[in-house]
Structure formats: C-alpha cells, structure tokens
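Me: I would like to learn how to read the features of a model like this one, going from a helix to the whole chain and then to individual residues. Could you take me through it step by step?

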Amino acid sequence: MTTTKNGGAAVGTPAQEPSRDAAAVFNRTVIVVIIGSVMSVLDMTIVNVALRTLAEGFHAPLETIQWAATAYTLALAAVIPTAAWAMGRIGAKRTYLTALVLFTLGSVLAAAAWDAGSLIAFRVVQGLGGGLLMPVGMTMVMRAADRARLGRAMALSGLPVIIGPVIGPALGGWLVDTVSWRWIFLVNLPMGAVALALGAKLLRPDAPRTAVGGVAPRLDVPGLLMLSPGLALLLFGLARGGEDGDFTAAGAFVPAVAGAVLVAGFVRRALTAREPLLDLRMLSDRTFAAGIGTLALFSCGYFGSMLLAPMYWQQVHGMGAQTAGLLGAPVGLAAGTAMQLAARRVDRVAPRRLVSAGIAVGALGMALSAFHAGVQDVAAWRVVGSAMLIGVGAGMVLMPTMTTASRGLPNDRMAAASTALSINAQVWASVGTALISVLLGSAGADPAGFRLAYAAAAALLALALLPATLLPSRRP
C-alpha cells in the first residue's frame, strides 16, 4: 500500500504501480522515438550516396542535384526553432505525429519525382518533418524518464544518431546498385507507417502548455523571422564555401554573413523578449552552458570528419561506395556500444571525468587516423581500428553530455533545451563539414590532404576538453 504526502493511504493501490506506469510510458515513448529517429537519420546519410545516380537519371548537373541534400538541410534548420513553440501550442504528441506525416509524405513524393526541381521541392517537405522529429522526440523522452536514470533514456533515444551515419551509406549504395534510386525514399514508407500507428496508440496525450492567465503561448514572429532564415542562410553559406573551397566568394560569404547577423539579432531579442521563440536564458545555468560548449566543439570535429572515411577508401584505396560504407560498420558498432555503456554510467559517476575521458579517446583515435591516412599502403585494419577509437569517444561524449546539460533543468524547459541542443548540433556539424571540406580541397584528396584534415578534426576534439572542465565533478 502507498500513502499520500499528507499521510493518507492510497487504498487498493499497490506500492509498485506508479513506477510500473511510469516505466510503461517511458518504454512506449522510446519505441516510437527510436523508429522516427532511425528513419530521419538514415535519410540524411543515405541520399548522399545516390547523388551521382540521381544526376544521371534526371540528366541534370551534379551541382543541381546536390540541392536535393542542401534543400533538406536548410528546411531542417528553418523548422527546428519552431519545435518548442509547437509543443507548447498543440502538445508534443500532436507535434510529433505531424512531423511523421510530413516526413513520410515527403518521402513518397520524392520517390515519385519526375525531374530535379520536383525532387528538390519534395525534399523540403521531408526536411520540415525531419527537423521536428529529433527535438520533439528528445523532449518526450526527457519528460517521460526518471531524472535519476536520464542517461539510460538518452542512450536509447540517441542510438540512431550514432549508428545511422554508418549504416546509411552502405544501405544507400546497396539500394542504388541492386534496386532503384527511388527506394532510398520508399524505404521510409513502412517505417513511417509503423511509427505513425505506434505513435497514435502508444504515446501519452499531453495538453498544450498554457502561459499566465491560461492563454496559449504566442509565436514569436519577429524571432522566427530572424532565427529560421538566419540559420538557413548561415548553413547555406557554410555549405557553399565548403563545396567551392572558398569562403570569400560572394556566393558563400554574403549568405553566411547575412545569416550570422540575423542569428545575432535573434540572440539579442531572445535575451530580452517576454516570450522568445527560444529561451536562451537557460545559458545562465553553468552546466547547460558547459554542455553546449562541449558539444559544439566535439560535434564540429566529429561530424565534420564523417565525410573523410568514405572518400579516403574510394580515392586512396580505389574501393566502391558500398564497400567503403561497409568498412564503417565496425565504427558504428563501437560507437553504439560505448554510448549504451557511458550514457548509463553518467547516472552514477562524475560527468566531468567520463566526458573528458571520452574526448581524450576520440582525439587520440582522430590523431591516429591522421597518422595512418598519410602512410602509403597502410593496412586497412589499422585505419578501421583508429576510427573505432573515434566512435568509442563519441559514444562517451555526445549523449552523456546532453544528459548532463539537461538533467538539472525544470520540466517546463525541456522543450527549449532539446531545441537548443538540436540547433547547436546542426550548426556546428555544418561548420565542421565546411571546414574539413575546405582543408581537404586545398591540400588535395591524397594521403597528405587526408592527414591534414584528420589532424584538424583531432585538434577540434581536443579543444572540447576546455568547456568539459566546467561540467559537474560530482555524481548526480
């Protein structure tokens, strides 16, 4: 029998029932979120393998077809800032189901594309859904989890983020080579249908958040008009500079600067407005700010380096896209295993020690990759082994840092926290990708160029040790 806080007995209620109910809600939420996350993360990586095939199929220049990937990323960046407001307005469950509908619909339309223009337009629809899946799913998991076991919750929900970029290229190469490019989009249809059915049935309905006086939160239109276009322009400028190897060209410099100015204007507004689109006052929390800084530098180096391995295997060793993708499978396994272990350990050990150790392991693996990449006829197992060390480091850093950053925040700030973490990861991953692309392009896609690019990524990972020293030094 349980008792209420005022001492009254909750007659007929078994002592374990509340915890069982909470565990059931958590398990149902995680199942739905994992399916949606797998679908979204796979799509972001699977399309890149098929760009050349798409260019040939539509008889379009590769530069035009690349907009199929760029348009998705820009739509993703533009819609992420609305996640916290949407959850407050219509509830997290409805927002998540809406995102699944948009993503699945966009996938079906992209599979039916008849030319490059229609494909790019339908990828925008996909991006609008995909941009909401990650922050809304993370919010639902954080709300459903017991704070004492938040690390376990984040480990489960974050598994697709680590493994997806490894599985995606291999799966995309196989679909393109053996079936048809249309299946890189149609593969999302069964997953989307399952996620929708399970989400409608399993997710707990939640009421929209109301502000003071019972009034639903209003959309910060000026903030939205600054942040969403600002992020899109900034990421576009970074991507264009990375592709061309020149950030001073007008096509890269102008949008990047315009985007940075808009984002800076949003930051100023967010710190003064009564109901900002994204509450940046959370950064006054030392742990949250330290987590944001650690993730920014680590994401810049780690996700920026992801383009190197497939290119290295193909250009230096002459392997095909599918083989290069398969060589990344051990890295995904190492990262996923490390994340499952580390994200649970962060519930019981000092976050500063765990995350700092992970950064050191990741930086070591990146430095070894730089050494091996510059050696002619190096054994493949040495390169894969170094990459696995990088994966172990990522597993020890990414989700444990997110868990630590958000653990101490009140429940009503979870939506804003997950949105800020998603924007942070998206922006700095793009910065890293652009930086590594420029370095590789300027040095040349040969062993020396890959050595320089890996060394730069190792330096970025090592810099993440600085903000990591501000993470809590005591157990939760």
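Me: What span should the 28 residues of helix H18 have, and how far apart are its end C-alpha atoms?

Reply: Bear in mind that this is a predicted model. The way to read a helix is to take 1.5 Å a residue, which gives an expected span of 40 Å for H18, residues 380-407, and the end C-alpha atoms are 41 Å apart, so the two agree. The same rule can be tried on helix H4, residues 67-79, where 13 residues should span 18 Å and the end C-alpha atoms are 18 Å apart, again in agreement.

Me: How many residues of H18 and of H4 are buried?

Reply: A residue is called buried when its relative accessible area is under 20%. By that cut-off H18 is mostly covered, with 21 of its 28 residues buried, and H4 is mostly covered as well, with ten of its 13 residues buried. Among the buried residues of H4 are Ala-68, Tyr-72, Leu-76 and Val-79.

Me: What radius of gyration does the chain have, and what would a compact globule have?

Reply: The general idea is to set the value against the one expected for the number of residues: with 476 residues a compact globule would have a radius of gyration near 23 Å, and the chain has 22 Å, which agrees. The C-alpha trace spans about 75 × 45 × 45 Å along its principal axes, and buried residues make up 52% of the chain. In secondary structure, the chain has 21 helices and two strands. Of the contacts with a separation of 6 or more, 83% are between residues 24 or more positions apart.

Me: Is Ser-40 buried or exposed, and which residues is it in contact with?

Reply: Ser-40 belongs to helix H1, residues 17-49, and it is buried because its relative accessible area is 1%, against a cut-off of 20%. Once the neighbours within four places in sequence are left aside, Ser-40 is in contact with Tyr-72, Phe-103, Gly-130 and Leu-133, and of these Tyr-72 is itself a buried residue of H4.

Me: Where is Ile-65 found, and which residues does it touch?

Reply: Ile-65 is found in helix H3, residues 62-65, and it counts as buried because its relative accessibility is 1%. Not counting residues up to four places away in sequence, Ile-65 touches Leu-51, Leu-54, Ala-55, Phe-58, Ala-60 and Ala-116. Sequence distance and spatial distance should be read separately, as Ile-65 and Leu-119 show: they are 54 residues apart in sequence and 8.6 Å apart in space, C-alpha to C-alpha.

Methods. Residues numbered from 1 in each chain as written. Predicted model: local features only at pLDDT ≥ 70, side-chain atom pairs only at ≥ 80, totals over all residues. Heavy atoms only, no water. Helix = DSSP H or I, 4+ residues; strand = E, 2+ residues; numbered from the N terminus. Rg over C-alpha atoms; globule rule 2.2 N^0.38 Å. Buried < 20%, exposed > 50% of the residue type's maximum accessible area, 1.4 Å probe, protein only. Contact = heavy atoms within 4.5 Å. Expected span 1.5 Å × (residues − 1).
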